[in-house]
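Below is a short note for a colleague who is opening this model for the first time. Please keep the sequence and the structure in view while reading the numbered points.

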Amino acid sequence: MDHISSFIENGIIEFGPIIDKKKCAELYEDVLKTRDWSENLFRSQEEVEKDPKFDKANPGLGVFNLAEKYDLSFIEDNEIVKDHLERILGLDYEILLKKFICGVPPNWVPKWLMPEATRKVGANMGRWIKPEYRDITYFRGLEYHQDLIDHPGQTGEYVTFYVYLDDVDIGMSALNVVAKSHMYGATMFPHCLENEDKEACTIDYGPDENHMTTLNTKVLPAERGYAFLWSSITLHGTRPQTSDKARISLRYTFKKNDNNKKNELINDLLNSSEGPLTTEEGRDDINLETFEQVKFDKVLR
Ligand SMILES: O=C(O)CCC(=O)C(=O)O
Ligand SMILES: [Fe+2]
């Protein structure tokens, strides 16, 4: 299947090794030099207890963002990338956000934090990281979600594009995608998912428990330079990090220009889904930053 058909049918593109490996390696080495990648990234127990807030725990567009300090034209001007983004989003697509993501290995997590970090596995770890290192995003695995929740108020006319800067094996929080999961449109987080079969690579998903479909999952370990793309309503996550080696990747959100009224492929995909295209209505609990609270509320109800 070609990439565009894969996007329309599955909501996902596996581009393969399209990004210059040598440049990925150079960038990776440069990023490694920016800090002591270890337990040292974490705030002390005293600091966290004194001030448990996690305001501004994420890099933003133009705001304390390490990825914006590098020349990434080897990715952004890559002909295959540009060609596909133009076909999906239209000629004048924009970068909504680019940032480095770090899959944090268990051996970095301070002992005192381990119980809490394990209970909240899948939460953004930014709150526990020293403010000076919050120019990238830190995870230790992330539950299945749609990236629609990252940008409340947006219509979903955007895609996530992901580049592995180093070889990623299965223990390094490899990406995990659910093919065709855009079919129900925007659904509530935490999503209605059951019976994940890791061997058969299937999972049951639906807008509610009475309307479930079995879909295929795919874990994406791959070498440096591999790139992936998925829609804003495609379910994906990462397995909790088990390897002692961190994963440092680059993640983009590319969006259709607001002034572009043309129906591009992104609109065909969104319109092909059966469900709503936004989860905005009265919901402020869907941001990844606060998602463990959502789970907690659900248990209480
Ligand atoms: O790399 C990760 O752990 C998170 C990937 C992801 O789902 C995202 O960045 O939207
Ligand atoms: Fe995501």
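1. Terms used first: contact means heavy atoms within 4.5 Å, and helices (H or I, at least four residues) and strands (E, at least two) are DSSP runs numbered from the N terminus. Axes are lines fitted to C-alpha atoms, for helices over the stretch in contact, with angles running from 0 to 180 degrees between N-to-C directions. With these terms, helix H5 (residues 79–89) lies across E1, strand E5 (158–164), strand E10 (227–231) and E12, and runs at about 165° to E5.

2. This is a predicted model, in which local features need pLDDT of at least 70 and side-chain atom pairs count only at pLDDT 80 or more, while totals for chains, interfaces and linings use all residues. Residues are numbered from 1 along each chain as its sequence is written, chains are lettered from A and ligands numbered from 1 in the order in which they are written, and side-chain values use heavy atoms, with hydrogens and water left out.

3. An open sheet of 6 strands follows the order E1-E10-E5-E12-E2-E3 with mixed pairing, where two strands pair if DSSP finds at least two bridges between them. At its edges are strand E1 (12–16) and strand E3 (137–139), each of which pairs on one side only, and the twist averages 25° from one strand to the next.

4. Within this sheet, strand E2 (residues 94–103) and strand E12 (residues 247–255) run antiparallel and are joined by 9 bridges. Ile-101 has Ser-249 in E12 as its bridge partner, and Ile-101 is also one of the residues around ligand 1.

5. Which other residues are around ligand 1? Among them are Phe-139, Leu-142, His-145, Asp-147 and Tyr-162, a residue being near a molecule if one of its heavy atoms lies within 4 Å of it. An oxygen atom of ligand 1 is 2.9 Å from an N or O atom in the side chain of His-236; the corresponding distance is 3.1 Å for the side chain of Thr-238 and 2.9 Å for that of Arg-247. The protein covers 99% of the 290 Å² of accessible area that ligand 1 has on its own, areas coming from the Shrake-Rupley method with a 1.4 Å probe.

6. Elsewhere, strand E9 (residues 213–220) pairs in the antiparallel sense with strand E6 (residues 175–178) over 4 bridges, and Val-177 has Lys-218 in E9 as its bridge partner. Strand E8 (residues 202–206) likewise pairs with E9 in the antiparallel sense over 4 bridges, Ile-203 standing opposite Leu-215, and E8 and E9 form a hairpin with 6 residues between them.

How values were computed
A polar contact is a pair of N or O atoms within 3.5 Å; within protein, one must be able to donate a hydrogen and the other to accept it, and residues adjacent in sequence count only if both atoms are side-chain atoms.
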